[in-house]
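Work through the exercises below with the model open. Each one sets a task and then solves it in steps.

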Amino acid sequence: MSEALRAMPAGAGKLTIRDVTAYAVSFPVDAAGSVQLGVGRTVKRDAVVVKVTTECGLVGFGESHHGRAHTTIAHFINTALRDMALGQDAGDTVGLWRKIYKSQLQGMGLGAACVLAMSGLDMALWDIRGKAAGLPLYRLLGAQRRALPAYAGGVALGWQEPELLADEAQRHVESGLKAVKLRIGDTPERDLARIRAVRKRLGDGIEILTDAMMSYRLDDARKVVPAMDELGVGWLEEPFAAHDYQNYETARTFGRVAFAAGENHYTRFEFTRLLETKAVSILQPDLSKAGGITEVLRIAALASAYHLPVHLHSSMTGINMAATIHVMTALDNAGYFEADVSRNNHFRDTLVQTPYWIDADGCVHAPEGPGLGVEVDEDFIAAHPPIEGPAYR
């Protein structure tokens, strides 16, 4: 039992949810920190932070992915989900997930928006559960602390000139990382020129991963996949839209490179379809998008039954990043942690204390504090109100 609960009188330690508040937060990205990706050039960063308070005084935080509609997601949490959560037991993560599914997701619509919203709420409940037990989340999940290999990812390594991209990739490798993920989805020719430049600079001992951000046509994949095999690319992530199963099945015959997806699939029900089609061999659910920690544990178990690895996708804030390391520590089929190496990410560096550090072997370790093990700066939230408009142009 945590010190917070020990100090309370008998009967006062119930984890009844007293309040739920979601905050849409933003900060602008200047030209020096902007990155060109398949979805456009970054002009701002958005996030949704969820705060849950219990009757006994424990507070938990989570992150809901913004879904390019951060104020909408926050409003939905503050109205519909708050009403469902008030008075419920914060320790009953499965029960509240089921309640939201039956009351909203199953029959009343909003689909992905509801899943994004409930993901952050669920994460905050797990933070409370860990704090109530006085344990870091990975211990609550039945794991021992261990090193997780990481790759250089996040909103970085975009559409630069090949040599400049190789310079950036080299800096990350010099920090200890043994793998980098390149943002592709430009044209097959320019994409391959970038991959070749990075491979030439880094040599064969570093793993190169790629993310096309759903920008390829089938003919594009036909051109790049054989070349990726020659260049030893570890995976091709989301060449097509999330539900374009036919193109995934066709394109996997073009070569040997592994296909990765899952960042834009929601709940175990969509992942079941992904697994049954055998369209991909790398699964990438996001704790802030796929239904929260409760649901991603189920998805990971499904993947394990198919002998497939899970490389969780990371979201915007250090809250998600810390939670991701905890959960991956507890999975028997965990792969790489996506280390956000983007420049000036205040959601990673200022909203919370350092959510992770990269050791000399290119690995990360879960925080040791109770719950998610990170302290959230609520003054930062107050100082960064939402900025409307698109995050990419």
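**Exercise 1. Describe the largest pocket: its volume, its lining and the strands that contribute.**

Step 1. The largest pocket holds about 460 Å³ of space.
Step 2. Its lining is made of 28 residues, and those closest to the pocket centre are His65, Met213, Glu263, His313 and Tyr392.
Step 3. Sorted by class, the lining comprises 11 charged, nine polar and eight nonpolar residues.
Step 4. Among the contributing elements, strand E7 (179-183) and strand E12 (337-340) each provide at least two lining residues.

**Exercise 2. Decide how far the coordinates can be read.**

Step 1. The model is predicted.
Step 2. Over the protein chain, pLDDT averages 94, and 96% of the residues reach at least 70.
Step 3. Residues 4-12 have pLDDT under 50, and the model gives this stretch nine contacts beyond four places in sequence.
Step 4. Where pLDDT is low, predicted coordinates should not be read in detail.

**Exercise 3. Take histidine 65, one of the residues closest to the centre of the largest pocket, and determine whether it is buried or exposed.**

Step 1. Histidine 65 sits in the loop that runs between strand E5 (59-64) and helix H2 (70-85).
Step 2. Its relative accessibility is 13%; the cut-off for buried is under 20%, so histidine 65 counts as buried.
Step 3. A polar atom of the histidine 65 side chain lies 2.9 Å from the backbone nitrogen of glycine 67.
Step 4. Neighbours within four places in sequence aside, histidine 65 contacts Ile73, Leu116, Ser288, Lys289 and Ser315.

**Exercise 4. Describe the second largest pocket in the same terms.**

Step 1. The volume of the second largest pocket is about 180 Å³.
Step 2. Its lining has 16 residues; Val35, Leu157, Gln160, Glu168 and Arg343 lie nearest the centre.
Step 3. Helix H6 (residues 162-174) gives the most to this lining, namely three residues.
Step 4. The class division is six nonpolar, six polar and four charged residues.

**Exercise 5. Which residues line the largest cavity, and which helices supply them?**

Step 1. The structure has one cavity of 30 Å³ or more, and the volume of the largest cavity is about 40 Å³.
Step 2. The lining residues are Thr93, Leu96, Trp97, Ile100, Met118, Leu121, Asp122 and Leu125.
Step 3. Helix H3 (93-105) and helix H4 (111-133) are the elements that give two or more residues to this lining.
Step 4. By class, six lining residues are nonpolar, one is polar and one is charged.

**Exercise 6. Set out the surroundings of two loop residues, histidine 265 and isoleucine 206.**

Step 1. Histidine 265 belongs to the loop between strand E10 (258-261) and helix H10 (267-277). It counts as buried because its relative accessibility is 0%.
Step 2. The histidine 265 side chain reaches the backbone oxygen of alanine 242 at 2.9 Å. Apart from neighbours within four places in sequence, the contacts of histidine 265 are Ala242, His243, Tyr245, Glu270, Phe271, Leu274 and Ala290.
Step 3. Isoleucine 206 is found in the loop between helix H7 (188-202) and strand E8 (207-211). With 10% relative accessibility, isoleucine 206 also counts as buried.
Step 4. Residues up to four places away in sequence are not counted; isoleucine 206 then touches Val173, Leu177, Lys178, Ala179 and Arg199.
Step 5. From isoleucine 206 to alanine 305 the C-alpha to C-alpha distance is 29 Å, with their positions 99 residues apart in sequence numbering.

Technical notes
Residues are numbered from 1 along each chain as its sequence is written. This is a predicted model: local features need pLDDT of at least 70, side-chain atom pairs count only at pLDDT 80 or more; totals for chains, interfaces and linings use all residues. Side-chain values use heavy atoms; hydrogens and water are left out. On a 1 Å grid over the protein atoms alone, a cavity is a set of points where a 1.4 Å probe fits but cannot get out, and a pocket is an open set with protein on both sides within 12 Å along at least five of seven lines; lining residues have an atom within 4 Å of a point. Grid points are joined across faces, edges and corners, and a volume is the space filled by probe spheres set on the points. Helices (H or I, at least four residues) and strands (E, at least two) are DSSP runs, numbered from the N terminus. Ala, Val, Leu, Ile, Met, Phe, Trp, Tyr, Cys and Pro count as nonpolar, Asp, Glu, Lys and Arg as charged, and the others, Gly among them, as polar. pLDDT is the predictor's confidence in each residue, from 0 to 100. Contact means heavy atoms within 4.5 Å. Buried means under 20% relative accessible area, exposed over 50%, partly exposed in between (1.4 Å probe, protein chains only). A polar contact is a pair of N or O atoms within 3.5 Å; within protein, one must be able to donate a hydrogen and the other to accept it, and residues adjacent in sequence count only if both atoms are side-chain atoms.
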